[in-house]
Amino acid sequence: MKKYLNISEVSELLDIKEYIIRYWDSIDPKTNKLRVEGISTKSRSGTRYFNKQNITKLNRLKQVLYENGKNNNSLKMAERLLISSNKTNKIKKNDKNFQF
C-alpha cells in the first residue's frame with residue numbers, strides 16, 4: 001500500500017486531467033499565492049505527490065466545480081466552500097474511500 005500517489009495516478013483515480021490538477025495547484029501570478037491550498041505535497045525538486053487528505057480535497061473540489069457536468073463556481077468560490085465545509089466536517093482518519 002502506497003502512502004503517496006503521483007499526479008498521473010491521481011488523475012486516473014479521480015478522472016481529472018493532469019493539467020487541471022497542476023492549474024489548481026499553481027501560483028496565481030496576480031496574488032503570488034497558491035490557487036488552492038493543500039492540494040499536493042511537493043518534493044524538494046518540485047514533484048507533486050498526493051496523500052489521502054490531498055486526494056479527498058481534490059475530489060471534493062471536483063464535485064463543487066463540476067457538479068452535474070456543469071462548471072458551477074469559480075475556483076476561489078470552490079475553495080471557500082471547501083474551507084467552510086472542512087470546519088463543519090472534519091476528515092475521518094479511517095476514511096476507506098481511497099485505496100492505494
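## Helix α3

The buried residues of α3 are Asn54, Ile55, Thr56, Lys57, Leu58, Arg60, Leu61, Val64 and Leu65. The model in which they are seen is a predicted one. Helix α3 runs over residues 52-65, which makes 14 residues. At 1.5 Å a residue, a helix of this length should span 20 Å, and the C-alpha atoms at its two ends are 20 Å apart, so the expected and the computed span agree.

The start of α3 has a contact of its own. There, a side-chain oxygen of asparagine 51 comes to within 3.1 Å of the backbone nitrogen of glutamine 53.

## Overall make-up

The protein has four helices and five strands. Read from the N terminus, its elements follow the order β-α-α-β-β-β-β-α-α. The protein has 100 residues, and 35% of them count as buried.

Contacts can also be sorted by how far apart the two residues are in sequence. Among contacts between residues at least 6 apart, 50% join residues that are at least 24 apart.

## The largest nonpolar core

The largest nonpolar core has 15 residues, and the members that touch the most other members are Val10, Ile21, Trp24, Ile39, Phe50 and Leu58. Three elements give two or more residues to this core, namely α1, α2 and α3. The largest share comes from α3, which gives four residues.

Which residues does leucine 58 touch, not counting residues up to four places away in sequence? They are Val10, Leu14, Ile16, Ile21, Trp24, Ile39 and Phe50. Leucine 58 is itself among the buried residues of α3.

## Helix α1 and the residue after it

In helix α1, the buried residues are Ile7, Val10, Ser11 and Leu14. Viewed down the helix axis, the buried residues of α1 fall within an arc of 105°, so they line one face of the helix. The cover over these residues includes β1 (5-6), α2, β5 (48-50) and α3.

Aspartate 15 follows α1 and lies in the loop between α1 (7-14) and α2. Although aspartate 15 is not a glycine, its phi is positive, at about 60°. Is aspartate 15 buried or exposed? Its relative accessible area is 65%, so it is exposed.

## Helix α2 and arginine 22

Arginine 22 belongs to helix α2, which covers residues 18-24. With a relative accessible area of 34%, arginine 22 is partly exposed, because this value lies between the limits of 20% for buried and 50% for exposed.

The side chain of arginine 22 makes a polar contact of 2.9 Å with the side chain of glutamate 18. Leaving out residues up to four places away in sequence, arginine 22 touches Ile7 and Arg48. Ile7 is one of the buried residues of α1. Arginine 22 and serine 40 are 18 residues apart along the chain, and their C-alpha atoms are separated by 9.5 Å.

## The sheet

Three strands make up an open sheet with the order β1-β5-β4, and their pairing is antiparallel. The edge strands of this sheet are β1 and β4 (41-42), each of which pairs on one side only. In general, strands of a sheet pair through backbone hydrogen bonds, either parallel or antiparallel.

Between β1 and β5, the antiparallel pairing extends over two bridges. Which residue in β5 is the bridge partner of asparagine 6? The partner is tyrosine 49.

## Two loop residues

Serine 26 sits in the loop between α2 and β2. Its relative accessible area is 18%, so serine 26 counts as buried, the cut-off being under 20%. Apart from neighbours within four places in sequence, serine 26 is in contact with Lys33, Leu34, Arg35 and Arg48. Arg48 is also touched by arginine 22.

Asparagine 32 is found in another loop, the one between β2 (27-28) and β3 (33-34). Asparagine 32 is exposed, with a relative accessible area of 61%. Its phi is near 60°, a positive value in a residue other than glycine.

Technical notes
Residues are numbered from 1 along each chain as its sequence is written. This is a predicted model: local features need pLDDT of at least 70, side-chain atom pairs count only at pLDDT 80 or more; totals for chains, interfaces and linings use all residues. Side-chain values use heavy atoms; hydrogens and water are left out. Buried means under 20% relative accessible area, exposed over 50%, partly exposed in between (1.4 Å probe, protein chains only). Contact means heavy atoms within 4.5 Å. A polar contact is a pair of N or O atoms within 3.5 Å; within protein, one must be able to donate a hydrogen and the other to accept it, and residues adjacent in sequence count only if both atoms are side-chain atoms. The expected span of a helix is 1.5 Å times one less than its number of residues. A nonpolar core is a set of buried Ala, Val, Leu, Ile, Met, Phe, Trp, Tyr and Cys residues joined through side-chain atoms within 4.5 Å. The arc is that of the directions from the helix axis to the C-beta atoms. Two strands pair if DSSP finds at least two bridges between them.
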